[in-house]
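Here is a report on side-chain pairs and helix packing. Keep the structure open while reading.

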Amino acid sequence: MGMSVTISAATEQDAEQIFRLQYLCFQSEAALYGNYRIDPLVQTLDSVRQEVAADCVFVARLGEEVVGSVRGKVTEDGAAAIAKLCVHPRLQGHGIGARLLRAAEDALAERHGATRFRLHTGHRSEGNLRLYRKVGYQTVGRAKGDDGVEMIILEKEAGAFVATA
């Protein structure tokens with residue numbers, strides 16, 4: 001019998017695995033844009049450690065291995081910024097990303113009072129856009145990222161209908 005993937009809050013001990021996973025997962029995004037200087041690829045391990053300590057960070061585990069992660073924090077306007085959702089390439093397409101997203105949304109709303117959720121993805125990232133729309137996010141704008149990539153900004157209200165993945 002195979003192991004199942006579990007979702008839990010990240011700990012300080014997870015920071016290095018999150019860092020390595022993020023680097024692996026965002027290679028395909030970088031290739032889509034021909035830009036290997038996107039934020040997830042240039043972020044430092046110390047910065048990931050700081051986010052794990054300060055933000056709402058969840059991981060997906062298969063046994064002891066971190067195979068997915070997501071981060072979120074409430075901003076001044078009451079929205080929760082959700083970022084760097086990633087799932088190991090060998091496990092993509094099995095609903096893990098949606099489960100991570102739901103865990104972060106639930107925690108940000110229940111524990112931190114978020115009234116809506118906001119995230120962004122590159123304009124060519126069709127798989128990401130499909131997932132976000134499937135779970136209730138709607139496009140609210142566009143912006144140019146610090147790395148020059150055109151980003152689509154999506155939002156949904158806390159408590160909005162979420163389709164199961």
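Buried means under 20% relative accessible area, exposed means over 50%, and partly exposed lies in between (1.4 Å probe, protein chains only). By that rule Lys-84 is buried, because its relative accessible area is 14%.

This is a predicted model, in which local features need pLDDT of at least 70 and side-chain atom pairs count only at pLDDT 80 or more, while totals for chains, interfaces and linings use all residues. Residues are numbered from 1 along each chain as its sequence is written, and side-chain values use heavy atoms, with hydrogens and water left out.

## Salt bridges

A salt bridge here is a side-chain nitrogen of Lys or Arg within 4 Å of a carboxyl oxygen of Asp or Glu. The structure holds 14 of these salt bridges. Helices (H or I, at least four residues) and strands (E, at least two) are DSSP runs, numbered from the N terminus. The table gives three of the salt bridges.

| Pair | N to O distance | Separation in sequence |
|---|---|---|
| Arg-61 and Asp-14 | 2.7 Å | 47 residues |
| Asp-39 and Lys-84 | 3.0 Å | 45 residues |
| Arg-116 and Asp-77 | 3.2 Å | 39 residues |

Take Arg-61 and Asp-14, whose side chains meet in a salt bridge. This pair links distant parts of the chain: Arg-61 is in strand β2 (residues 56–62), and Asp-14 is in the loop between β1 (5–9) and α1 (15–25). Arg-61 is buried at 17% relative accessible area. Asp-14 is buried as well, at 4%.

Next come Asp-39 and Lys-84, which also form a salt bridge. Asp-39 lies in helix α3 (residues 39–42) and Lys-84 in strand β4 (residues 79–87), so the pair ties together parts 45 residues apart in sequence. Asp-39 is partly exposed, with 42% relative accessibility. Lys-84, in contrast, is buried at 14%.

What is the backbone phi of Lys-84? Its phi is positive, about 50°, although Lys-84 is not a glycine.

Arg-116 forms a salt bridge with Asp-77. Here strand β5 (residues 116–122) supplies Arg-116, while Asp-77 sits in the loop between β3 (65–74) and β4. Asp-77 counts as partly exposed, at 40% relative accessibility. Salt bridges with shared partners also join Asp-39, Glu-51, Arg-71 and Lys-84 into one network.

## Aromatic pair

A pair of aromatic rings is described by the distance of the centres and the angle of the planes. Rings of Phe, Tyr and Trp (its six-membered ring) pair if their centres lie within 6.5 Å; planes under 30 degrees apart count as stacked, over 60 as edge-to-face and the rest as tilted. The count comes to one aromatic pair. The ring centres of Tyr-132 and Tyr-137 are 6.1 Å apart and their planes stand at 65°, so this pair is edge-to-face. Tyr-132 is buried at 7% relative accessible area, and Tyr-137 is buried at 3%.

## Helix packing

How do α1 and α4 pack? Helix α4 (residues 45–54) packs against α1 at an angle of about 120°, with the axes 9 Å apart. Axes are lines fitted to C-alpha atoms, for helices over the stretch in contact, and angles run from 0 to 180 degrees between N-to-C directions. Angles under 35 degrees count as roughly parallel, over 145 as roughly antiparallel, 65 to 115 as roughly perpendicular and the rest as oblique. The helices α1 and α4 are therefore oblique to each other. Contact (heavy atoms within 4.5 Å) involves Ala-15, Glu-16, Ile-18, Phe-19 and Gln-22 of α1. From α4 come Leu-45, Val-48, Arg-49 and Val-52.
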